[in-house]
Amino acid sequence: MDTTLRDGEQTSGVSFAAHEKLNIAQVLLNDLGVNRVEIASARVSDGEFEAVKRVAAWAERTGNLHKLEVLGFVDGDASLNWIESAGCRVVNLLCKGSYKHVTEQLRKLPEQHIADIRSVVSLATEKGIEVNVYLEDWSNGIKNSPDYVFQLIDALKDLPIRRFMLPDTLGILNPGNTYEFCKQMLDRYPDLHFDFHAHNDYDLAVANVYSAVRAGVHGVHTTINGLGERAGNAPLSSVIAVIKDHLNGQTSVREEKINAASRLVETYSGIHIAPNRPIIGEHVFTQCAGVHADGDSKNNLYCNDLIPERFGRVREYALGKTSGKANIRMNLESLGIDVDDDSMRKITERIIELGDKKEMVTTEDLPYIISDVLHHDTMTDQRIRILNYSLSLAQGLRPVATIKIEIDGEAYQESACGDGQYDAFVRALRKIYSDLGRPFPMLTNYSVSIPPGGRTDAFVQTIISWNYAGVDFKTRGLDADQTEAAIKATLKMLNKIEQ
Ligand SMILES: CC(=O)SCCNC(=O)CCNC(=O)[C@H](O)C(C)(C)COP(=O)(O)OP(=O)(O)OC[C@H]1O[C@@H](n2cnc3c(N)ncnc32)[C@H](O)[C@@H]1OP(=O)(O)O
Ligand SMILES: CC(C)C(=O)C(=O)O
């Protein structure tokens, strides 16, 4: 069960708009093939009610309604009415899984709490709403008040409850005791369905899911990109890979769709994915060390089972201080450039030198480096050139760009207004491309930074991400002026798409 839209939205700073919730639910159920999604907590807000209504209407039309779940409270008919009016049919009832939570948060005796739960379950059954039960703070409960946990389950086990869901609410478990506690539940209640819900406070969420599955739980909860309260939940990407590769298990999730889903949630949530996050991080399929690149060219000696293509990604070879000839050759090959051994040595030396200065080098920088190092103009191979441009910026007026470019020796000129100087530049460029009937890539990200480590000569680095014919790539420009850096990155893109 994926709870990106409920626990994931409990990440500090995250709030999904209704259309974003709908889109994420569609991606989870249609593209990824997740079995169930938890889309909200009941009673949260009017906006949340509208969002749930919208997702439920779509799910009803497409036969997915039984896969939508909403967290509800033990509050008589209040949560149930909310869920019913929003058009949903499954409640995940938030019951207290530790003695501490019942007595200190609800300030009730276990018997009173059990009576309240019974009454909600009975109301839900009357309304035709299916019930799953969360045992909130179960990990603490099973450690410190197991008698209460068993009293609760003994009292509920014969009610129409489809699943009992065991949360490690505070992320306090480790792989050893997750196994032990889950096994205890499964052995004591062999006829009940148990889900495990991990939290990542000790960075053990995925390891704990691994142990819970080994112990035999029937379902696990995940979120895209590991979003969730505090340090988050178990990320779907890693859980799917671990179940397949380490537990020899099968899931319904289509691995090759994971990357696109992660990027979508990254955009909607505004929570950046760390570049070294397994499976989905930007750099996790990039080999940096020369020895690794060399080994890959000799029967993929440095590849494991996490083949990037499994997850809709590609292997890359970084260029920098730790590059050897193998890294550079792989990149040159991808550009269709062949150089002799002496030139290769000189290019390698220059890239190492740039790496020593903390400069980032991308594949698209290579033709420029080659021109510079070999003192011959490989740039004559460049089919597109920017001949002239003027950018205007005036108080109270929209910026205007006039540009003149050359494509295969033919010059073209256009002007356009934009929201900023670079936007105006790109709009003018788009006009030329559109008049010529040439496709133009989609700009998917734009970041400006000082090169890592800072530079005294005040250079700025603009890295632009593009998508062209379904392929994602980046180009980089370095200049004292931010807009000029972006224009340099754009020129690299224009020539890259011609290859
Ligand atoms: C571990 C988890 O992730 S649990 C996540 C549960 N989901 C959420 O909390 C969703 C977001 N929450 C909200 O929008 C709000 O907190 C609401 C609408 C649920 C309640 O709002 P408020 O009425 O303002 O109460 P507030 O948030 O201050 O306190 C929570 C109340 O719920 C009670 N409560 C806690 N757990 C439960 C439960 N399982 N069932 C019923 N009531 C509960 C608390 O005892 C407290 O009641 P009190 O005010 O009478 O002491
Ligand atoms: C909803 C609750 C049970 C939860 O997310 C947790 O305890 O971690």
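## Exercises on a predicted model

In this predicted model, 62% of the protein chain's contacts between residues at least 6 apart in sequence join residues that are at least 24 apart.

**Exercise 1.** Describe the overall make-up of the protein chain in terms of secondary structure, extent and burial.

*Solution.* Begin with the secondary structure, which comprises 17 helices and 15 strands. Next, take the principal axes, along which the C-alpha atoms fill a box of roughly 85 × 55 × 40 Å. Finally, turn to burial: of the 499 residues in the protein chain, 50% are buried.

**Exercise 2.** Characterise the exposed area and the charged side chains of the protein chain.

*Solution.* The protein chain exposes about 22,900 Å², and carbon and sulfur atoms supply 48% of that area. For the charges, count 54 positive and 69 negative side chains, and then locate the centres of the two sets, which lie 1 Å apart.

**Exercise 3.** Determine which class of accessibility applies to Val291, and place this residue in its surroundings.

*Solution.* Val291 belongs to helix α12, which spans residues 290-296. Its relative accessible area is 54%, and because exposed means over 50%, Val291 is classed as exposed. Together with Leu301 and Tyr302, Val291 forms a nonpolar surface patch with about 310 Å² of accessible area.

**Exercise 4.** Carry out the corresponding assignment for Asp340.

*Solution.* Asp340 is found in the loop between α13 (325-335) and α14 (341-356). Its relative accessible area is 48%, which falls between the limits of 20% and 50%, and therefore Asp340 is partly exposed. Asp340 also takes part in a negative surface patch, whose other members are Glu333, Asp338 and Asp341.

Conventions:
Residues numbered from 1 in each chain as written. Chains lettered and ligands numbered in written order. Predicted model: local features only at pLDDT ≥ 70, side-chain atom pairs only at ≥ 80, totals over all residues. Heavy atoms only, no water. Helix = DSSP H or I, 4+ residues; strand = E, 2+ residues; numbered from the N terminus. Buried < 20%, exposed > 50% of the residue type's maximum accessible area, 1.4 Å probe, protein only. Contact = heavy atoms within 4.5 Å. Areas by Shrake-Rupley, 256 points an atom, 1.4 Å probe, with all protein chains shown as cover. Lys, Arg positive; Asp, Glu negative; His and termini not counted. Charge placed at Lys NZ, Arg CZ, Asp CG, Glu CD. Patch = residues over 30% accessible without salt bridge, like charges linked within 9 Å, V, L, I, M, F, W, Y side chains within 5 Å. Salt bridge = Lys/Arg side-chain N within 4 Å of Asp/Glu carboxyl O.
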